Structures are given as C-alpha cells and as structure tokens.
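Welcome! Please take a moment to look over the sequence and the model before reading on.

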Amino acid sequence: MKRQVVRVVAGANLVAGCLLMQGCGLFGARKTEEGAGVTTIPGEGVAVAPVVETAPVVEAAPVEPLPVVASTTPYTVQKDDTITAVAYKYGLRWQDVVAVNPGISPNRLRIGQVIQLPGQVDLSKPRHVPVSTPKVSAPKTASPTKAPAVTGPTVTYVVKNGD
C-alpha cells in the first residue's frame with residue numbers, strides 16, 4: 001500500500017515538473033527587429049528598447065608597492081642548542097620553529113646547521129635561557145640494618161620434604 005502511494009506521489013511530482021518546464025517557453029522566443037535594437041514581444045505588440053547604462057570611469061591613484069619583509073630569519077645552530085631552547089631564547093613557540101623548518105629533525109640538530117626562525121627576529125637580543133637544574137633522584141635510604149645479634153643457645157633446623 002505504501003509503495004503505491006509513493007509511486008503516485010512521485011509520478012505527480014514528475015508530471016508537475018514537466019508542465020512547469022513547458023510553461024517557461026509559453027510566449028516563445030523574443031525577436032529583435034533588425035538594426036533598431038528594439039525587442040518585440042509576439043502576441044502583445046509591445047516594443048521595448050534596451051536600456052544601456054555606462055559606469056563613470058574613475059582613475060585610481062598610483063599605489064606604491066609594500067616593502068618586502070622577510071618572513072623568516074636564518075639562525076645558525078650552536079653548541080647545546082635545541083629547538084625548544086632556541087624558541088625560548090627569542091620568544092617564539094617551538095611548534096612555530098618546527099613548522100617553518102619542515103625538512104629538519106628537531107631531535108638531530110647539528111652545530112653549524114642553519115634553521116629558519118619565523119618572522120623578523122632580532123638575533124642580537126636573546127632572552128636569558130635558564131640553566132637546567134640537575135636531575136635529583138630520591139634520597140637514598142640507609143641500607144637495611146642487620147638484626148641485632150641474639151645471645152643464647154643456637155638452634156639449627158633442617159628443612160624436610162613437605163615443609
């Protein structure tokens with residue numbers, strides 16, 4: 001029963017769509033009289049002249065090009081440099097430094113290697129990088145003390161099968 005209703009509704013939509021498309025060409029194609037640029041609508045005897053508007057021409061002032069600014073700053077890796085330390089030293093995020101250096105491995109920097117820092121960075125004014133604190137392990141506890149010596153007779157026990 002539901003399939004029949006769906007088929008009827010789909011068929012009605014299809015017929016309605018076809019009729020609407022037929023109605024689009026109801027008045028026929030508009031014809032233009034030769035040489036006059038006037039359009040005549042058949043059946044109504046009305047002639048319509050097209051309206052042509054021209055926009056005023058405005059001359060723009062000459063634009064000076066913007067100065068070219070380097071988007072990165074080259075930095076030469078020094079002894080004990082890491083991506084994190086270099087980024088901190090110049091107030092950058094380490095993720096940004098890695099992003100502008102897609103070809104390098106952040107874990108394998110070499111002394112003398114040139115990496116790029118994002119933006120204009122003044123290399124003459126680095127921030128002070130704090131010296132890493134030495135790793136401190138948990139305090140050692142004293143070795144276990146031996147049980148106090150027992151005075152008196154010594155008893156020896158031999159372990160037997162089933163103990």
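What follows is a short tour of the salt bridges, the nonpolar core and one loop residue.

This is a predicted model, in which local features need pLDDT of at least 70, side-chain atom pairs count only at pLDDT 80 or more, and totals for chains, interfaces and linings use all residues. Residues are numbered from 1 along each chain as its sequence is written, and side-chain values use heavy atoms, leaving out hydrogens and water.

Let us start with charges. Side chains of opposite charge can pair when their charged atoms come close. With a salt bridge taken as a side-chain nitrogen of Lys or Arg within 4 Å of a carboxyl oxygen of Asp or Glu, the count is two.

| Salt bridge | N to O distance |
|---|---|
| Asp-81 and Lys-89 | 3.9 Å |
| Arg-93 and Asp-96 | 3.7 Å |

Asp-81 and Lys-89 are both buried, meaning under 20% relative accessible area, with exposed over 50% and partly exposed in between (1.4 Å probe, protein chains only). Asp-96 counts as partly exposed because its relative accessibility is 32%.

Next comes the loop between helix 3 (94-99) and strand 5, where Asn-101 has its place; helices (H or I, at least four residues) and strands (E, at least two) are DSSP runs, numbered from the N terminus. Asn-101 counts as buried because its relative accessible area is 7%. A polar atom of its side chain lies 2.7 Å from the backbone oxygen of Val-97.

Finally, the largest nonpolar core (buried Ala, Val, Leu, Ile, Met, Phe, Trp, Tyr and Cys residues joined through side-chain atoms within 4.5 Å) has twelve residues, among them Val-97, Ile-104 and Ile-115. Helix 2 gives the most to this core, with three residues.

Key
Polar contact = N/O pair within 3.5 Å; in protein donor to acceptor, adjacent residues only side chain to side chain.
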